[in-house]
Protein chains: 2
Amino acid sequence: MKAIMIEQQENGNRLQLQNHPAPEPAAGELLIKVHAAAVNRTDIVTREGRSGYAVNPILGVEIAGVVEQADGESDFAPGDRVMGLVNGGGYAEYAVMPADRAMKIPAAYSFEQAAAVPEVFLTAYQTLYWLGRLQPNESVLIHAGASGVGTAAIQLAKKLSGAQVIVTAGSQDKLDFCRELGADVGIDYKKQSFDEEVLAATNGRGVDLILDFVGADYWDKNLASVAKEGRWVLIGILGGAQVERVNLFALMSKCVQLTATLLTPRSDEYKARLTSDFVRDVMPYMETGEIKPIIDTVFPLAEAMEAQRHMEDNRNIGKIVLKVD
Amino acid sequence: MKAIMIEQQENGNRLQLQNHPAPEPAAGELLIKVHAAAVNRTDIVTREGRSGYAVNPILGVEIAGVVEQADGESDFAPGDRVMGLVNGGGYAEYAVMPADRAMKIPAAYSFEQAAAVPEVFLTAYQTLYWLGRLQPNESVLIHAGASGVGTAAIQLAKKLSGAQVIVTAGSQDKLDFCRELGADVGIDYKKQSFDEEVLAATNGRGVDLILDFVGADYWDKNLASVAKEGRWVLIGILGGAQVERVNLFALMSKCVQLTATLLTPRSDEYKARLTSDFVRDVMPYMETGEIKPIIDTVFPLAEAMEAQRHMEDNRNIGKIVLKVD
């Protein structure tokens, strides 16, 4: 089958379409004919060899496609349209997926739309609810509001919790789009001091929850933005990993809970439970169209390198998808 | 009535026994004749004027005594022996306490023993269970194992959860005492590298939960000691508040949850709920004597300054109590 593999080069690794044997499903796994995959920052980290899920030589952590071969004990059968997380191997014509992690694709969705669901919606659900324990009518600050996870989190926080949603983004276009998705307050981080805007929007209280994709660069302003007894979920370090000085007493005085997380390295069992809760709580809204995946661009599989570059340039609003057939 | 007040001095504030009007209970409060109070680090912070609960000019956040006057709607009546947290005002002959925060003193307890219960046991319960979500048979690292909160936490973690309890302390006497209370592993932090010992005691996995009273000085070693997906509860900064160079990616890779907390500044409603859960889960063990407060020294009320110095010198094993009658 055709698959995107990493080619090691001195001036930065590149991606190449190569021939590779199709994977063999183990017990409890589905073999899936992939119709679309999607690009994630973790794929870029893996491409660069900085960490990632390097056990699988093929990139890609999420797919949408058709079941080709199913374990007799699973809920799925050949011909079913499914989407979900894979343990690498997504940028390819065939992939295997633990059956307890597969989700039925809503009838109205194309494969491209379906491929845009798993990673960002599961991450948004995990961080808002499992880790961030968002309660009805609380306030949440979502950085990178126009990103894949951002566009998913805005919708979940509004539809599931009626939250006050405050977002940051780097352009008026992105902020306008976030507003259309339901965001109440948009902050241009290039022109405004987001902590001041957050305090103004919350009567000086700060937000109950922060979804932080930025890390070091925003540390002090996030601390200023979080409410007393607030939760702060760290899921990205686009602004650097190294904070030069952390004042622990400031965290204690506010009784802040900081949860650092990544989704890809979590266990199979964790991903299966997360998928199950997500299907129960969110899929009904996807079936009715009240919550929807946001696609920025669709690239052919062979142009995976260009697709990743597009993400690295932060030009996208929503997901970048690879069309596989 | 007699009460301990703060006397401001240039070379460090001092404590003085003075006459002060007895407090008047508001609706929902009990007036209590105090028989014993206990000393906490938060009192020292307040004495030094660095922060604390300065709305009440009298020191002290926990007492044991006899109800003198009760709100008609409370569960308590004059003559009842009670213990619990107060919003300052504990180092005195009379104090007021929200009735929903009072706990009946076990029949076998002296007032000195009772005064040694509220702050440390509620803090240990809050950090182990509400914040740390300790599960049966998990492992927990308790720093300052011989401190008031440490001696409470060792007992709770063993009796309520059958946890593997690993403690640090600065002398063999303290470690021996922790072992008597149930600790499985004792580490002399002056002679041993505690992270290496923790990893050795957990087959390289690290602990599921850390109760951290130390802060900055232990940051890197705590990060090395916590298991993947572990919880780390920060409740003290005996080793400094300022951490230089925090690597956020290291926190993310381990999916660590860091919860910073203080008990004293929490709301009345929070303390009432915490007291209620504690009474349900822990008081039965206190009634049978399976869990018990640990008292280091009892000072007369007039010697409150000496009592605080004793704590500042880190000489105590367990609680320092003030006898008030």
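## Two chains related by a two-fold axis

A turn of 180° and a shift of 0.0 Å along the axis lay chain B on chain A with an RMSD of 0.1 Å. That is the relation of a two-fold axis. The copies are superposed by least squares on the C-alpha atoms of residues with pLDDT of at least 70 in both.

This is a predicted model, in which local features need pLDDT of at least 70, side-chain atom pairs count only at pLDDT 80 or more, and totals for chains, interfaces and linings use all residues. Residues are numbered from 1 along each chain as its sequence is written, while chains are lettered from A and ligands numbered from 1 in the order in which they are written. The model scores ipTM 0.88 and pTM 0.91. Chain A has a mean pLDDT of 95, and 99% of its residues reach 70 or more. Here pLDDT is the predictor's confidence in each residue, from 0 to 100.

### The contact between the chains

Chain B gives 24 residues to the contact and chain A gives 24 residues. Two residues are in contact if their C-beta atoms, placed from the backbone, lie within 7 Å. Strand 13 (242-247), helix 8 (248-253) and strand 14 (257-260) of chain B each give two or more residues to the side that touches chain A. The largest share, 6 residues, comes from strand 13 of chain B. Helices (H or I, at least four residues) and strands (E, at least two) are DSSP runs, numbered from the N terminus.

By class, this side of chain B has 15 nonpolar, 7 polar and 2 charged residues. Ala, Val, Leu, Ile, Met, Phe, Trp, Tyr, Cys and Pro count as nonpolar; Asp, Glu, Lys and Arg count as charged; the others, Gly among them, count as polar.

The copies meet through the same surface, because 100% of the interface residues of chain B are also interface residues in chain A. Strand 13 (residues 242-247) of chain A pairs with strand 13 of chain B in the antiparallel sense, over 5 bridges. Strands pair if DSSP finds at least two bridges between them. In this pairing, A:V246 stands opposite B:V243.

### Positive phi in chain B

Two residues of chain B are listed here with their phi values and places.

| Residue | Phi | Place |
|---|---|---|
| B:R245 | about 55° | strand 13 of chain B |
| B:C255 | near 50° | loop between helix 8 and strand 14 of chain B |

B:R245 has a positive phi although it is not a glycine. B:C255 also is a residue other than glycine with a positive value. B:R245 is exposed, with 11 other C-beta atoms within 10 Å. B:C255 is partly exposed, with 19 other C-beta atoms within 10 Å. A residue is buried if 20 or more other C-beta atoms lie within 10 Å of its own, exposed if 12 or fewer, and partly exposed in between; the C-beta atoms are placed from the backbone.

### Inside chain A

Chain A is divided into domain 1 (2-117 + 293-323) and domain 2 (121-260). These bounds come from an automatic or database domain assignment. The C-alpha centres of the two domains lie 28 Å apart. Between them, 6 residues of domain 1 are in contact with 7 residues of domain 2. The domain 1 side divides into 4 nonpolar, 1 polar and 1 charged.

A:N222 sits in helix 7 (residues 219-225) of chain A. A:N222 is buried, with 25 other C-beta atoms within 10 Å. Leaving aside neighbours within four places in sequence, A:N222 is in contact with A:I210, A:D212 and A:W232. A:E29 is 193 residues from A:N222 along the chain, and their C-alpha atoms are separated by 41 Å.
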